[in-house]
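Q: Here is a structure to go through by its definitions. Please take each label in turn and say what it rests on.

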Amino acid sequence: MSSLSASESVPTKGLSVKVENLSVTYRTTFERVPTFKNAITRFGRGQRAVREVEALKNVTFDVPDGTALGIIGNNGAGKSTLMRALAGILPPTEGRIEVNGRISPLLSLGVGFNPMLSGRENIILGGLASGLSRAQVVARAEEVTAFAGLEEFIDAPMRTYSSGMYSRLAFSVAVHMDPDILMIDEALSAGDATFKTKAAEKMGELRESARAFFLVSHSLASIKQLCNDAIWLHKGTLMMRGTPEEVTAAYADFVNVGESAVILEDL
Ligand SMILES: Nc1ncnc2c1ncn2[C@@H]1O[C@H](COP(=O)(O)OP(=O)(O)OP(=O)(O)O)[C@@H](O)[C@H]1O
């Protein structure tokens, strides 16, 4: 069990994940572009400014074992932030997270892989990050490569990969490390049509075997098809928790675009 707060506690029985009053605030400093007047008086030097973004605000929910939880919400709602916090990449600003089990590596585009290393070396790093031994990861490297369809490219540096190749490898690493808790950002399965089908099948399989499954997706159809529970985040706040049917319907009403799958895919 990994607990991401100062207070240690006994694992909560029957729960894969427990999130209590979780807030995450990003704090970034940047150089404010000087106005013309300031530029004259300050000789063009910019001012340091601090910007705080409350990406998650006081979010509380439990995930019982056996849950396939869909996470929906507009761009910037806090979905990726929640995944990163659950994966232990981002510490909570406030509140606590309890994760009971080994979580899949979160290798989203541009995060987690080292582009200067080969695909094969990154598979090893991803596997080690998810808690497997080197021997265990080496043993499944071929399977990971074959699933991603990257046999010819696996020893080339990842900076030479297309974005589709990159996300296929990220998806493949995540699903082949036997995680207790599988977290998938559906953007990762956005390869070509053949890969999409293969990825959907694999997600269905793992949903059955993993202790818990988290799916972030803009496709309400996928959430309804693959999940048995759902949450909706909006501007960092948990708007609703319920069945995928209830939550996707409320979200669709909220964004007021009706049930058109084509439009909903792009939300
Ligand atoms: N590294 C960061 N530094 C500063 N602000 C950030 C950072 N990452 C995300 N944010 C901000 O936090 C908020 C939540 O972002 P997040 O990426 O979690 O949203 P999301 O729901 O995953 O969006 P999308 O559907 O576009 O992927 C946004 O306002 C975003 O601008």
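A: Lysine 235 is a good place to start: it lies in the loop between strand 8 and strand 9, where helices (H or I, at least four residues) and strands (E, at least two) are DSSP runs, numbered from the N terminus. This is a predicted model, in which local features need pLDDT of at least 70 and side-chain atom pairs count only at pLDDT 80 or more, while totals for chains, interfaces and linings use all residues. Residues are numbered from 1 along each chain as its sequence is written.

Q: Why is lysine 235 called partly exposed?
A: A residue is buried if 20 or more other C-beta atoms, placed from the backbone, lie within 10 Å of its own, exposed if 12 or fewer, and partly exposed in between. Lysine 235 has 14 other C-beta atoms within 10 Å, so it is partly exposed.

Q: What is noted about the phi of lysine 235?
A: The phi of lysine 235 is positive, about 50 degrees, although the residue is not a glycine. Lysine 235 belongs to the hairpin of strand 8 and strand 9, which has two residues between the strands.

Q: Which value of phi does aspartate 178 have, and why does aspartate 178 count as partly exposed?
A: Aspartate 178 has a positive phi near 45 degrees and is a residue other than glycine. It lies in the loop between helix 5 and strand 6. Aspartate 178 has 16 C-beta neighbours inside 10 Å, and therefore counts as partly exposed.

Q: How do you know that strand 8 and strand 9 pair?
A: Two strands pair if DSSP finds at least two bridges between them. Strand 8 (residues 229-234) and strand 9 are joined by five bridges and run antiparallel. Among the bridge partners, histidine 234 is matched with threonine 237 in strand 9, and alanine 230 with glycine 242 in strand 9.

Q: How is strand 4 joined to strand 8?
A: Strand 4 and strand 8 are joined by four bridges and run parallel. Leucine 69 stands opposite aspartate 229 in strand 8.

Q: What is the strand order of the open sheet, and what makes strand 6 and strand 9 its edges?
A: The open sheet has five strands in the order 6-7-4-8-9, with mixed pairing. Strand 6 (181-185) and strand 9 (237-242) each have a single partner strand, so one side of each is without a neighbour in the sheet. Neighbouring strands of this sheet are turned by 15 degrees against each other on average, direction ignored.

Q: What makes strand 8 largely enclosed by the rest of the structure?
A: Five of the six residues of strand 8 are buried, so the strand is largely enclosed.

Q: Which strands does helix 8 lie across?
A: Helix 8 lies across strand 4 (67-72), strand 8 and strand 9, and runs at about 25 degrees to strand 8. Axes are lines fitted to C-alpha atoms, for helices over the stretch in contact, and angles run from 0 to 180 degrees between N-to-C directions.

Q: Why is threonine 248 called buried?
A: Threonine 248 is found in helix 8 (residues 244-255). It has 24 other C-beta atoms within 10 Å, so threonine 248 is buried. Leaving aside neighbours within four places in sequence, threonine 248 is in contact (C-beta atoms, placed from the backbone, within 7 Å) with Ile72, Leu220, Ile223, Lys224 and Ala230.

Q: What makes helix 2 largely enclosed?
A: Six of the eight residues of helix 2 are buried, so the rest of the structure largely encloses this helix. Those buried residues are Lys79, Thr81, Leu82, Met83, Ala85 and Leu86. Glycine 88, with a positive phi near 85 degrees, follows helix 2.

Q: Which element gives the largest share of the shell around the ligand?
A: Helix 2 gives the largest share, three residues. Tyr26, Val53, Gly73 and Lys79 are among the residues that surround the ligand, each counted by a C-beta atom, placed from the backbone, within 6 Å of it.

Q: How many residues does the largest nonpolar core have?
A: The largest nonpolar core (buried Ala, Val, Leu, Ile, Met, Phe, Trp, Tyr and Cys residues joined through C-beta atoms within 7 Å) has 62 residues. Helix 5 (residues 163-175) gives the most to this core, with seven residues.

Note on methods: Two residues are in contact if their C-beta atoms, placed from the backbone, lie within 7 Å.
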